[in-house]
Amino acid sequence: MTVENAKKGSTAVAMPSKEIPQEKPGCVRYLVLVSTMLCLTSLMSNVVCFNFTVLCMPGSAIGAVCGVIPVIIGISRIGLKAVFFASGILTAVSTFLIPILAPLHFYLFVILRFAQGLSYATCFPAVGAITSTWASLAQQGLFIAALTTFGQTSSIFSMPVAGELCTSPFGWKAVFYLHALISVAVFTIWFAIFTDSPEDNKLVRPAELAEIEFNKSEEAIHEHHTTPYLEIASTPSVWGIWIGAFGDLIAVQLIHIYSPVFLHDVGGYSFEKTGFAAAVPVLFQFLVKMFAGHSSDKIHGISETTKLRIYNSIALGASAVFLVALGFVKQGQGVLGLVLMTLATGMFGFNGGGFSKCSALVSRQYNHFVMAIHQILICFSMIVCPLIVSSILQQGTVAEWRIVFFVHAAILLVCNAIFCWLATAKPAPWTDRTIKHSATKNTPLYQAKV
């Protein structure tokens, strides 16, 4: 990446920038990116494997909500490295103990699931923190898209593996043991590579550091003020981000939790095959998300705000169209249902260039807090989506599934319209106190005295 490309991809306020040394930049930020992706996948996989094994074996959302505030405080005071690694150990231990202690008493199972939820609470704050510190302004889309693929990569791995192990001589317990061991391995690797700041990492060359910090304000890089929670929460553009995220997340929950059930009820797939079939749409979404995140950084000629609106409209609007089409799939049309579900799920991948990227551009060094609210929203969607579906699905008929898809399509369209209205690519004034004028949608209703 050249300095010219960085300038094109940046929406920051012009600041004195370090000159990028002539030596070839290293790739430590990509090692951090990949290792973090594996850790996030492991955290989510430990949740997904339970959601699937309930199909073949006779509290985590609450834990994830309760864990958000301690995670935010922990990241601000002791750094992401300690907090995220602790969550990795917690998820490994709780996942390993589920098949051992859960059969003994229901309350033991609830406690373990709560602990698993606490560890899951670090996912989105980690995405925000790593994007703000390790990604250059010209690679925000790539990093935010790649780091938010854990919902897809976890399903791609866990659904087929759980489906095979559930019907194998090893049984459902092996699903949890395998996932726990993987968690220990990937978090150990991550801990050896990661530092809270690129400046503190001995593996980072001066050229790579200069590239990461290019065009970022000194306040974002070096100064660590108290997070302006009220200013962030009272900013209209941030409301748009959260509303767009909620629409996306509630529909994603529909796919992740209920796609095996739909493929079984309507498509006619057996339980042991639903894992592989349901992994196809999320595999496609993973590929689309990586393409969307990278392309959103590279496309020039239109404003960054316009790109955010276009990508988000594809993510939520196009997905809504395919969900409506799913409502007309007839009994036994498993292949057609799988194709439409794949297309609907794939379109969600464009959110990496939509509300997710908008969050990084608007909130900059405070993106961990904005993304932490995403964590609460995903937990809320894990509760709301099943309530909606269970209130409609009584017999699992085609007519009932049609209503389920129509309701979620409507939610997507409304949330996308609100996001497009409030979206902007400009940094909010609370990210840089030298910003004196900002658009109304980017100006907090509450402004702290500086």
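Select R364 to start: in this predicted model the residue is found in the loop between α17 and α18, and at 12% relative accessibility R364 counts as buried, because the cut-off for that class is under 20%. Colour the backbone by phi, and R364 shows a positive value of about 45° although the residue is not a glycine. For context, most residues other than glycine have a negative phi.

Step back along the chain into helix α17, which covers residues 355-363, and pick L361 there. L361 counts as buried, with a relative accessibility of 2%. Now draw a distance from the C-alpha atom of L361 to that of Q140: the two residues are 221 positions apart along the chain, yet the separation in space is 7.7 Å.

Q140 leads to the next stop, a pair of helices. Select α6 (residues 123-134) together with α7 (residues 140-147), whose axes come within 10 Å and cross at roughly 155°. That angle makes α6 roughly antiparallel to α7, since values over 145 degrees fall in that class. Viewed as a crossing, α6 passes α7 in a right-handed sense. To see the side chains involved, display V127, I130, T131 and W134 of α6, and opposite them Q140, F143, I144 and L147 of α7, which make the contact. Sorted by class, the contact of α6 with α7 has 6 nonpolar and 2 polar residues, and no charged ones.

Move on to a second pair, helix α8 (residues 150-166) and helix α13 (residues 236-265). Which angle and distance describe how they pass each other? Their axes cross at roughly 30° and come within 11 Å. α8 is therefore roughly parallel to α13, as angles under 35 degrees are counted that way. The crossing in which α8 passes α13 is right-handed. On the α8 side, show G151, Q152, S155 and M159, and on the α13 side show H256, S259 and P260, for these are the residues that meet. By class, this contact of α8 with α13 is made up of 2 nonpolar and 5 polar residues, with no charged residue.

Keep α13 selected and add helix α18, residues 367-392: these two helices pack at an angle of about 45°, and their axes are 8 Å apart. Such an angle makes α13 oblique to α18. The crossing of α13 and α18 is again a right-handed one. The residues of the contact between α13 and α18 divide into 21 nonpolar and 3 polar, and none is charged.

Just ahead of α13, in the loop that joins α12 (229-233) to it, select T235. Is T235 buried or exposed? T235 is buried, with a relative accessible area of 0%. If you expand the selection by contact, setting aside residues up to four places away in sequence, T235 touches W430, K441, N442, T443 and P444. A C-alpha to C-alpha line from T235 to T440 spans 8.9 Å, although these residues are 205 apart in sequence.

The next stop is K307, whose place is in helix α15, residues 304-326. K307 carries a relative accessibility of 4% and so counts as buried. With neighbours within four places in sequence left aside, the residues in contact with K307 are S296, I299, I302 and G353. Measuring from K307 to D297 between C-alpha atoms gives 9.7 Å, for a pair 10 residues apart in sequence.

Finish with the cysteines. C39 lies in helix α2, which runs over residues 28-53, and C39 is buried, with a relative accessible area of 0%. Beyond the neighbours within four places in sequence, C39 is in contact with F84, V186, F187 and W190, so display those four side by side with the cysteine. Then select C385, which is likewise buried at a relative accessible area of 0%, and C66, which is partly exposed, with a relative accessible area of 42%. A search for disulfides across the structure returns 0.

Notes. Residues are numbered from 1 along each chain as its sequence is written. This is a predicted model: local features need pLDDT of at least 70, side-chain atom pairs count only at pLDDT 80 or more; totals for chains, interfaces and linings use all residues. Side-chain values use heavy atoms; hydrogens and water are left out. A disulfide is a pair of cysteine sulfur atoms within 2.5 Å. Buried means under 20% relative accessible area, exposed over 50%, partly exposed in between (1.4 Å probe, protein chains only). Axes are lines fitted to C-alpha atoms, for helices over the stretch in contact, and angles run from 0 to 180 degrees between N-to-C directions. Helices (H or I, at least four residues) and strands (E, at least two) are DSSP runs, numbered from the N terminus. Angles under 35 degrees count as roughly parallel, over 145 as roughly antiparallel, 65 to 115 as roughly perpendicular and the rest as oblique. A crossing is left-handed if the near helix is turned anticlockwise from the far one by less than a right angle, and right-handed if clockwise. Contact means heavy atoms within 4.5 Å. Ala, Val, Leu, Ile, Met, Phe, Trp, Tyr, Cys and Pro count as nonpolar, Asp, Glu, Lys and Arg as charged, and the others, Gly among them, as polar.
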